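Subject: Structure for you to look at

Hello,

Here is the structure you asked about. Please open it first and keep it beside you while you read the notes below.

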Amino acid sequence: MTTSPSIKKKNSAFSVVLFIELWERFGYYGMQSILALFLSQHMKFSDYDANLLIAAFGTMTYAAPALGGWIGDKILGNQRAMLFGSIILALGYLLLASAMHYTGGIYITMAIISTGNGLFKPNAATLVRRIYEDNDSQLDIAFTLYYMAVNVGSTVSMLLCPYLKDHYGWDAAFIACFVGLVLGIINYSLTKKRLTPYVSQKDQLPIPKFVSSCIFLGIIASVTLITVILTFPVVAKWCVVGAVILVLGLWIQMYVKMDFAYRSGLKIVYLLTFEGMLYFVFYQQMSTSLTFFALRNVDLSFSIGSYHLFDWSPGQFQALNPIWIMILSPLLAKLYASLGRKQKDFSIATKFITGFFFVSIGFFVWWAACFYSSTPYVSSWVMVSGYFFLSLGELLTSGLGLAVIARYVPSSMNGFMTGSYLMASGTAMYLGGVVANIAARPDMNHFSPDKTLVIYQGLFLNLVCLAGITFVILMLFLPLLHKWNKKYKQDMLALK
């Protein structure tokens, strides 16, 4: 079957966003793969403090896009905001390599990275939506493949950065994150003309000097505020509470002002965003409790029978997530396309709920491995299987979160709604850090492996129960979601 010139043009434009997103994820996840170990081993943070700092950083990194999406929609244009964000991120990784010898510098550079992500993340997703906004099936496929392809960057960096840390030092790993994003910016500069037919009017207008000054001052203010939040855990806690209230308030205001025809779709977005938010409580375990679990209670060697294959560093186990994403994404995209042609595709709500079932299975695997292990160290293959189910759950929840927004929210509000979705996710990541602290004890580094195994077993059992309860509750909401979806389709037909 041949591809139409229009689709080829769209795919070409899509590749521009895809590759800069790939390199941006290379930098971010390379840093994340070693962050918990860096705070624990180099900066001498306790597990408790490291978990909360990483959680607060994740919250700010995912909350900042709420404002960054609005700036892209209303002031800079999505394409320009994406570029500015990538430059700020690159600066943050470079400074992280040079500021790693004193605690205050770590807080500032993490704040810079959060600010850059706030501009980059929602606007890149909005550009994908603009390219495929006239075709729902292509949009779902594009976001699934987008989710897969960006994991190429994160896989390489999650394998590379722990290796660089082990052999050349922490600063070498952070510099690699900077170099990767610079390569992404160069590639974007060479290919950005392909995006021209799909950018907003804001991108085509020059930026007034006054607006440029305001944006610059806003970036400085954002970095200052986030630094304060990261430095003081009590402030972070109250900011999370404030973020929840703010998002709920903005959602209510948006719902009241929205045309009646879009309200059923908005209700779907709100409920599925809440479901996606819950997923990030589990997702946060990868960079916190699961990394510490790999450090203390996982056999780092991979073997088949008596044949030794290779060894991994504790931080490299996080790469299992993007590896499984890359393997599973094309299979799911092919399944969606096949079911779509037969008019038998599952609803997005069903996919979300199924995702939580697999999340519960993933943590059950880790709990069972701890419970039945005859030694203090579980097999590295247990991590492989646990990450399989957690990653499959991610593709069915977080992987389709942006597609939900693109399908049900008017294009004029896409950037804002994408930002608020990420803010909700960031809030859940903070809660994930609090949950991870179930397995945080004073002086964990001095505990014997036998004791830490029991501690992690208790955490994983709690997570299995939480995921299972969530799955049951979401199943009860499924008929209501189907009703709203039917009403939305009828209203959209009436508008046409």
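Helices H8, H9 and H10

Helix H9 has 25 residues, which should span 36 Å at 1.5 Å a residue, and its end C-alpha atoms are indeed 36 Å apart. The expected span of a helix is 1.5 Å times one less than its number of residues. Helices (H or I, at least four residues) and strands (E, at least two) are DSSP runs, numbered from the N terminus.

Before going on, note that this is a predicted model, in which local features need pLDDT of at least 70, side-chain atom pairs count only at pLDDT 80 or more, and totals for chains, interfaces and linings use all residues. Residues are numbered from 1 along each chain as its sequence is written, and side-chain values use heavy atoms, with hydrogens and water left out.

Which residues of H9 are buried? They are Ala-236, Val-240, Ala-243, Val-247, Trp-251 and Met-254. Buried means under 20% relative accessible area, exposed over 50%, and partly exposed in between (1.4 Å probe, protein chains only). An α-helix has 3.6 residues a turn, so residues three or four places apart point the same way.

Helix H8 also agrees with its expected span: its 23 residues should cover 33 Å, and its end C-alpha atoms are 33 Å apart. Its buried residues are Ile-215, Val-223, Ile-226, Thr-227, Ile-229 and Leu-230. These pack against H2, H4 and H9. Contact means heavy atoms within 4.5 Å.

Helix H10 (residues 260-283) reaches 35 Å from its first C-alpha to its last, close to the 34 Å expected for 24 residues. H10 is mostly covered, with 19 of its 24 residues buried.

The second largest pocket

On a 1 Å grid over the protein atoms alone, a cavity is a set of points where a 1.4 Å probe fits but cannot get out, and a pocket is an open set with protein on both sides within 12 Å along at least five of seven lines; lining residues have an atom within 4 Å of a point. Grid points are joined across faces, edges and corners, and a volume is the space filled by probe spheres set on the points.

The second largest pocket holds about 690 Å³ of space. It is lined by 29 residues, and the closest to its centre are Ala-63, Ala-64, Leu-67, Ser-222 and Leu-225. Two or more lining residues come from each of H2 (47-76), H4 (103-132), H8 (209-231), H9 (233-257) and H16 (414-436). H2 gives the largest share, ten residues. By class, the lining has 22 nonpolar, seven polar and no charged residues. Here Ala, Val, Leu, Ile, Met, Phe, Trp, Tyr, Cys and Pro count as nonpolar, Asp, Glu, Lys and Arg as charged, and the others, Gly among them, as polar.

Met-423 lies in helix H16. Met-423 counts as buried because its relative accessibility is 10%. Leaving aside neighbours within four places in sequence, Met-423 is in contact with Tyr-62, Ala-63, Ala-66, Ala-243, Leu-246 and Val-247.

The second largest cavity

The structure holds three cavities of 30 Å³ or more. The second largest has about 40 Å³ of space. Its lining consists of Tyr-28, Gln-32, Leu-35, Ile-54, Phe-57, Gly-58, Gln-284, Ser-287 and Met-429. H1 and H2 each supply at least two of the lining residues. Five of the lining residues are nonpolar, four are polar and none is charged.

The nonpolar core

A nonpolar core is a set of buried Ala, Val, Leu, Ile, Met, Phe, Trp, Tyr and Cys residues joined through side-chain atoms within 4.5 Å. The largest one has 166 residues, of which Phe-293, Trp-366 and Phe-460 touch the most other members. Helix H1 (residues 5-42) gives the largest share of this core, 15 residues. Apart from neighbours within four places in sequence, Phe-293 is in contact with Val-298, Trp-366, Cys-370, Val-378, Met-383, Leu-453, Tyr-456 and Phe-460.

Two more residues

Asn-485 is in helix H17 (residues 449-495). Is this residue buried or exposed? Asn-485 is buried, because its relative accessible area is 18%.

Lys-44 lies in the loop between H1 and H2 and counts as exposed, at 65% relative accessibility. Its phi is near 65°, a positive value in a residue other than glycine. Most residues other than glycine have a negative phi.

Regards
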